[in-house]
Amino acid sequence: MSKIDKKLMNKQKKQIAECLTTADLWELMMKRVPPIVSEYFRGGADDETTLRGNVRAFQQSMTTAYGALSFSSLDLNTTVVGHSLAVPWYIAPVGSLRALYPMGDAVASQVAGEFGTVMTLSTLSGTPMESVTEASDRNCWFQLYLCGGRETALRGIERAKRAGFTALVLTIDTGVSGLRALHARMKPMQVTGPFRGLSLGGRLKLAARKLMLAPQMLPHLSWVIDHFRDGGLMQFVNVIDEQGQPMPYADIGVQLAASAVTWNDLKWIKEAWGDEKPLIVKGVHCAYDARKAEEMGASGVIWSNHGGRQQDRVPPTLHIVEQEMPLVGDTQLDFMMDGGVRNGTDVLIALSYGIKAVGIGRVTAAGIGAGGHVGLTRAFEIMESDLDRAMRIVGVQSVAEIHTRGADIRRESQLHGDGHLPPIVF
C-alpha cells in the first residue's frame with residue numbers, strides 16, 4: 001500500500017469514527033462518491049414526495065417515556081420467517097452496491113453476519129451471489145427480479161439455492177421502473193457502456209462523454225482508485241442468459257417492464273424455490289396484496305414503497321403499516337417494512353406496530369459508500385446505540401415487550417406543520 005493510499009485510508013477511518021448519526025455517514029458518502037453514482041442511491045420518483053414522506057412519517061411520530069426504570073441489559077433479538085436476528089433490522093436489497101465500494105455486497109454481508117442479522121442480495125448486483133453467502137457466518141436472503149424472463153429467473157433461483165440463501169424475496173412493485181428525473185438528466189447510461197464492439201467513431205464519442213465526467217471525478221479520488229482496482233464498470237453477474245453470459249450494466253427499465261411479476265408467476269416461483277425455505281413478498285402496499293401473498297404460499301411480506309423510488313404520491317411506508325396491517329386479519333404472516341428508517345428510534349416506532357424487523361437500504365448505502373466495512377460497521381453501531389438508548393428512555397427491555405406494549409408506547413403528536421422538524425438529509 002502506497003503512502004497516498006495509507007493517508008487516504010487513515011483520514012477516512014478518522015472521519016467515520018467521528019460520525020454520530022447515519023446522516024453524518026451519508027454526508028461522507030456523498031463527499032467520497034461522484035454525483036453520477038451517488039444520485040442513483042439518493043434519488044426518488046418524480047417530485048420525491050413519497051421519498052421525503054417516508055422520513056417525515058417517522059420524524060412526526062411520538063413516543064412516551066416511562067420513568068424510574070433501569071435495565072442491566074436489553075434483548076434486541078427478534079425472529080422473522082424462521083430466522084433469529086440479533087438485532088431487529090436486516091439489510092434491504094440495494095442494487096449496484098458494488099458501484100459504491102469494491103465487492104460492496106459481500107462487504108455488507110460480512111457486516112450483517114458480524115451483527116447477527118441478514119443480508120438481502122439484490123438481483124441487480126455486481127457481486128457474485130456465492131461471494132455474498134461466503135462472506136457471512138449468518139443467513140442471507142436473495143431478492144428476485146424476473147430480468148431476462150422466466151428461464152433466466154429459474155437459473156437464478158437454482159443458483160441461489162446452491163449458494164446457500166435461506167429465503168427468497170420476490171419484489172412485486174416494479175412493473176415498470178420509476179422516473180428518477182435528476183439521475184436521468186445526468187444520462188448515466190450514455191457513459192457507462194464498454195468500448196468493446198464499437199466502431200472507431202463510436203469509441204471516440206464514448207471517450208468524449210467519459211472525459212466530460214473528469215471534473216466531477218477528480219474531487220473523489222478515493223472512490224476513483226477503488227473503482228478501477230475493482231475492475232471498473234460492473235456487470236449484473238447474477239443474471240445469466242442462456243449463453244452463460246452476465247447481463248451488462250445497462251438501463252434496466254425495459255427489462256423490468258418486459259418481465260413484470262404477476263400473481264400467476266408466484267406459482268412457478270414458489271414451486272422452483274420449494275417449501276423448505278420461506279418465500280417473502282416485498283413491495284406490498286395494501287391488505288389485499290398481503291392476503292393474496294399468503295394465499296400463494298408466502299411466509300412473510302415487506303410493506304414497502306421501494307424507498308419512494310417507484311410511484312410517487314403513495315403513502316409513506318409507516319402510514320401503510322398503520323392503516324393496512326390491521327386489515328389483514330387472522331394471518332400466519334410475519335410482517336417487515338422498509339422506507340424512511342434512519343435511526344434506532346425509527347426502529348422502535350416500527351416495532352411498536354408489530355413489525356418483526358425493518359429493512360435498511362439507504363443507511364446501508366451510507367455506510368458502504370462512506371468506507372466499506374468500516375463505514376457500515378459504524379452505521380450498525382450507531383443504529384444499535386440509538387435503539388438501546390431509546391428503549392431505556394422509553395422503558396422497554398426487549399423487542400417482545402415493544403410488540404406487546406406498542407400502543408402504550410406511541411403518542412399522537414399535538415404539533416402542527418413541520419417547521420419544528422429537522423431538515424431531511426437523506
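How do the residues lining the second largest pocket divide into nonpolar, polar and charged? Hold that thought while we walk there.

This is a predicted model, where local features need pLDDT of at least 70, side-chain atom pairs count only at pLDDT 80 or more, and totals for chains, interfaces and linings use all residues. Numbering runs from 1 along each chain as its sequence is written, and side-chain values use heavy atoms, leaving out hydrogens and water.

**Stop one: strand β6.** Select residues 140–144 (strands are DSSP runs of E, at least two residues; helices are H or I, at least four, both numbered from the N terminus). Here 5 of the 5 residues are buried, so β6 is largely enclosed by the rest of the structure. Buried means under 20% relative accessible area with a 1.4 Å probe, protein chains only. Cys 140, Phe 142 and Leu 144 sit on one side, with Trp 141 and Gln 143 on the other.

**Stop two: its neighbours.** Add β5, residues 119–121, which pairs parallel with β6 over 3 bridges (pairing takes at least two DSSP bridges). Met 119 has Cys 140 as its bridge partner. Now add β7, residues 167–171, parallel to β6 through 4 bridges; look for Leu 144 opposite Leu 170.

**Stop three: the pocket.** Select Val 37, Met 217, Trp 223, His 227 and Phe 228, the closest to its centre among 35 lining residues. Helix α11 (221–229) gives the most to the lining, with 6 residues. As for the opening question, the lining holds 22 nonpolar, 9 polar and 4 charged residues.

Key:
Buried < 20%, exposed > 50% of the residue type's maximum accessible area, 1.4 Å probe, protein only. 1 Å grid on protein atoms, 1.4 Å probe; cavity = no way out; pocket = protein on both sides within 12 Å on 5 of 7 lines; lining within 4 Å. Nonpolar A, V, L, I, M, F, W, Y, C, P; charged D, E, K, R; others polar.
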